[in-house]
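Reader: I would like a close look at a single part of this model, with the surroundings brought in where they help to place it. Please take the strand that carries two polar residues in contact with each other, and work outwards from there.

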Amino acid sequence: MALPDTAPLLVGLLLLFHAFGAWAIVEVNMEDKVEVMAGETAQITCMFTTDEGLGGTTIQWFYVLPNKERQRIYNKEPMHEAAEQNTLFTHRISLNVNGTAAVLAIRDVGVRDNLEFICVIKTLTPEEAEGRTQLQVFKSPTFPTIEAVETGISVNEEAPSKIGSCRVKNGYPKPHITWYRNNMPLRNTPREVVVTSSTTIESSGLFSVQSELTMKVKKEDKDAVFYCEVIYFVPGATKMTESQHINITVYYLPTEVTIWVESPKGKIKEGDTLELRCDNNGNYPSSITTIKHQNSEYSVENKTMVRTNVKRLDGGVYECTFEETDNFEVISRSTKVSVNYLESAVIMPKDSIAVMEGEELKASCNALSSLQTSTTWFKNEKLVSKGNTLSVKSATLETAGMYKCVVTVPEMEGMKTSSTLQVNVKGSPQILGPDVQEVETYETTVNLTCSATGFPAPTIMWTTSDGKNLNALQTETEDGAQSVVTFKITPNVKVFCNASNDFGSKVVEFNIKTILNTTLTTITSMPTISTTTRSTTTISSDTVVHTTPTTTTTTSTNTITYDTVLYNTSTANTTIPSTNITFINDTVTQNTSTNYVNDPVQTPTKSPNIKKESKGFVIAIIIIAIFLLAILGSVLYFLYKKGRICGRSGKQDFSKRKSSKDNIVVEMKSDNTEEAILLGVNGEKQQPNDQ
């Protein structure tokens with residue numbers, strides 16, 4: 001009976017609590033938006049408060065579908081929690097509750113996660129609260145690429161022409177493209193600038209944007225720089241990046257044409273290579289450039305015309321013409337070219353001139369030139385006169401010769417011409433050298449040369465003091481004649497050179513002297529050697545051989561050669577000197593073999609010729625020595641015949657005596673002897689194998 005009475009009491013208490021507002025209080029606070037880069041982890045925080053505490057609190061997470069409906073993705077109750085299955089976030093989300101903060105973590109977010117998320121807090125009482133946060137995902141686009149038109153653009157185009165295109169890919173949110181010219185942004189301007197853009201949503205949900213710029217170009221745009229700028233968003237900021245810079249080719253008609261001489265610099269002379277250059281301030285491709293000169297038209301390559309080896313007729317006016325074939329516009333400009341020249345030098349009188357000795361010589365030299373000239377005269381490469389006129393008041397034979405006139409242009413290097421003039425002076429011949437010429441020779445024949453000057457060219461004759469005429473060859477020279485004769489020397493005979501022409505003659509005498517080639521060689525300071533020498537003199541017919549035993553302790557050798565000297569020295573390890581002196585005709589030869597022990601060998605060399613002042617003295621001594629030897633030989637021969645020497649009369653036989661290398665043999669031959677007669681110690685002729 002008691003229970004029925006309490007039930008109504010409880011119901012009444014509940015109604016009383018509700019009437020007086022005794023329900024639980026729940027509050028939720030969330031950020032309006034959370035920004036994150038694609039691929040990162042997003043954290044959405046739900047801050048809540050409740051009077052019941054966490055024991056009886058339920059937390060639920062939802063996201064808003066495009067149709068505005070809710071899709072629960074996570075549910076947490078006091079005794080159970082789990083992610084909802086088969087949603088976009090089933091395997092990517094987790095919930096972390098710390099006190100009154102519930103944090104929803106979404107891993108590897110993408111642009112499709114750019115949604116509105118709802119956090120709902122419930123208690124044991126029917127009260128609940130919720131909060132909302134917008135998740136914003138960002139993706140930076142690729143670096144922009146820009147392409148310029150490959151063809152040129154004409155300033156004469158009426159409609160705007162395409163400049164280029166700019167493209168950026170895979171950005172989120174959608175990036176924006178702005179065009180710039182010379183750092184100034186380009187905006188759409190009717191009939192001037194048009195910017196068109198197109199957007200593509202990739203399968204990943206990212207945006208790709210392409211922009212195209214068209215505009216009406218001007219001449220100034222040939223140097224303009226174009227580029228595009230991309231603006232994109234990142235968490236908490238806006239960024240910008242620029243593309244590469246491009247230039248375009250702008251075709252425009254010229255307003256001015258110029259023509260000038262590129263080479264040579266300065267003045268032009270005949271023979272130069274002329275290079276003319278023609279240019280304009282336009283660059284239209286459909287154009288023709290030509291250069292005209294005296295009704296002749298020349299092609300132009302790379303704006304240049306070349307003419308080689310120009311002449312004076314190549315001077316004049318050159319006109320450069322530019323013609324645009326599309327619009328048939330023609331523009332031209334001209335310049336004047338002067339080709340300087342220097343003609344060949346002309347001497348008057350021409351080629352040669354003949355004047356009498358003592359008369360005045362006059363000649364002129366001129367060369368026609370477009371510039372001021374300078375004239376000089378040379379003879380034998382030496383400067384003799386300056387100016388157009390060559391003048392000699394009193395010509396002499398030395399005036400004759402070849403003269404060269406040189407004409408130059410001082411202000412232009414390389415302009416030079418010349419001509420020659422042969423000057424002949426009429427007069428008596430002159431022979432080079434003194435009137436009496438001394439000639440010395442070692443030979444039996446001599447070549448004599450006679451050079452004579454004069455005009456007309458003299459005739460040269462050779463004669464001798466004994467009245468003979470000599471045959472000789474004569475050659476003409478630049479200023480006369482020359483003759484060479486070969487003369488066989490005859491004692492006391494002189495040779496004369498006679499040069500003559502229409503104006504007189506000249507004679508020169510040649511005195512010829514024979515020089516004996518005399519050499520005197522002396523070797524002194526020979527070592528002292530104790531030796532015994534046996535000397536033998538034999539007299540037979542016209543030959544004298546003398547033998548005398550002698551003893552000497554010092555050896556000194558003097559060799560005197562008349563006409564020819566031969567001196568030989570050899571060494572061995574003995575102490576036996578031997579000397580063999582032979583007089584044959586006018587030749588004296590001494591062969592000496594000297595043997596020394598432990599003494600260095602000295603080999604004399606050919607001594608220099610004795611001076612002319614001592615030659616006669618030496619020859620006289622040699623002749624006297626030969627004469628005394630002949631007398632001595634004759635006396636010895638006479639005494640031998642009379643038996644006054646060697647204790648015998650008549651012939652004495654020496655055949656039993658041995659000849660040795662110590663004997664000195666003197667052999668004298670007459671001029672007519674054709675072979676040498678070898679004599680033994682007994683004066684009889686021996687065969688060669690008896691020696």
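Author: What follows starts with the chain as a whole, turns to the strand in question and its two polar residues, and then moves out to other sheets, the cores and the annotated segment.

The model is a predicted one, and its protein chain holds two helices and 53 strands. Of the 691 residues of the protein chain, 36% count as buried. Among contacts between residues at least 6 apart in sequence, 62% join residues at least 24 apart.

The part to look at closely is strand 37, which covers residues 416–426 and pairs with strand 36 in the antiparallel sense over eight bridges. Within this pairing, Tyr403 has Leu421 of strand 37 as its bridge partner. Strand 36, residues 401–408, is also joined to strand 33, residues 374–379, by six bridges, and these two strands run antiparallel as well. On that side, Phe378 stands opposite Lys404 of strand 36. Strand 36 thus has pairings both with strand 33 and with strand 37.

Two residues of strand 37 deserve attention, namely Gln422 and Asn424. Are they buried or exposed? Asn424 has a relative accessibility of 15% and Gln422 one of 13%; because buried means under 20% relative accessible area, Asn424 counts as buried, and Gln422 does too. Their side chains make a polar contact with each other at 3.3 Å. The side chain of Gln422 also reaches the backbone oxygen of Gly401, at 3.5 Å, and Gly401 belongs to the residue range of strand 36.

The surroundings of the two residues can be read from their contacts, leaving aside in each case the neighbours within four places in sequence. For Gln422 these contacts are Asp351, Ser352, Ile353, Gly401, Met402 and Glu478. For Asn424 they are Ile353, Ala354, Val355, Ala400 and Phe455. Ile353 therefore appears in both lists, as a contact of Gln422 and of Asn424, where contact means heavy atoms within 4.5 Å. A further link in space concerns Leu361, which is 63 residues away from Asn424 along the chain, while the C-alpha atoms of the two are separated by 10.0 Å.

Leu361 leads to another sheet, for it falls within strand 32, residues 361–366, which runs antiparallel to strand 35 and is joined to it by four bridges. One of the paired positions is Ala363, whose bridge partner in strand 35 is Leu390. Strands 30, 32 and 35 form an open sheet in the order 30-32-35, with antiparallel pairing. Strand 30 (346–348) and strand 35 (389–392) stand at its edges and have a single partner strand each, so one side of each is left without a neighbour in the sheet. Neighbouring strands of this sheet are turned by 15 degrees against each other on average, with direction ignored.

Another open sheet is built from four strands in the order 11-13-17-16, and here too the pairing is antiparallel. Its edges are strand 11 (145–148) and strand 16 (193–201), each of which has a single partner strand, so that one side of each lacks a neighbour in the sheet. From one strand to the next, the twist averages 15 degrees. Eight bridges join strand 13 (residues 161–171) to strand 17 (residues 207–215), the two running antiparallel, and Gly171 stands opposite Phe207 of strand 17.

The nonpolar cores complete the setting. The largest nonpolar core has 32 residues, and those with the most contacts inside it are Trp61, Ile73, Ile106 and Phe117. Strand 3 (residues 42–50) provides the largest share of this core, four residues. Not counting residues up to four places away in sequence, Trp61 touches a set of residues that includes Ile44, Cys46, Ile73, Leu95, Leu104 and Ile118, but also Gln71 and Arg72. A second, separate core has 26 residues, among them Met37, Ile177, Met215 and Tyr252.

Finally, the unreviewed UniProt entry lists residues 617–640 under "transmembrane region". In the model, the chain over residues 617–640 is 100% helix and 0% strand, and the C-alpha atoms at its ends are 35 Å apart.

Definitions and conventions:
Residues are numbered from 1 along each chain as its sequence is written. This is a predicted model: local features need pLDDT of at least 70, side-chain atom pairs count only at pLDDT 80 or more; totals for chains, interfaces and linings use all residues. Side-chain values use heavy atoms; hydrogens and water are left out. UniProt positions are given in the numbering used here, feature names are shortened, and annotations may be inferred rather than shown by experiment. Two strands pair if DSSP finds at least two bridges between them. Axes are lines fitted to C-alpha atoms, for helices over the stretch in contact, and angles run from 0 to 180 degrees between N-to-C directions. Buried means under 20% relative accessible area, exposed over 50%, partly exposed in between (1.4 Å probe, protein chains only). A polar contact is a pair of N or O atoms within 3.5 Å; within protein, one must be able to donate a hydrogen and the other to accept it, and residues adjacent in sequence count only if both atoms are side-chain atoms. A nonpolar core is a set of buried Ala, Val, Leu, Ile, Met, Phe, Trp, Tyr and Cys residues joined through side-chain atoms within 4.5 Å.
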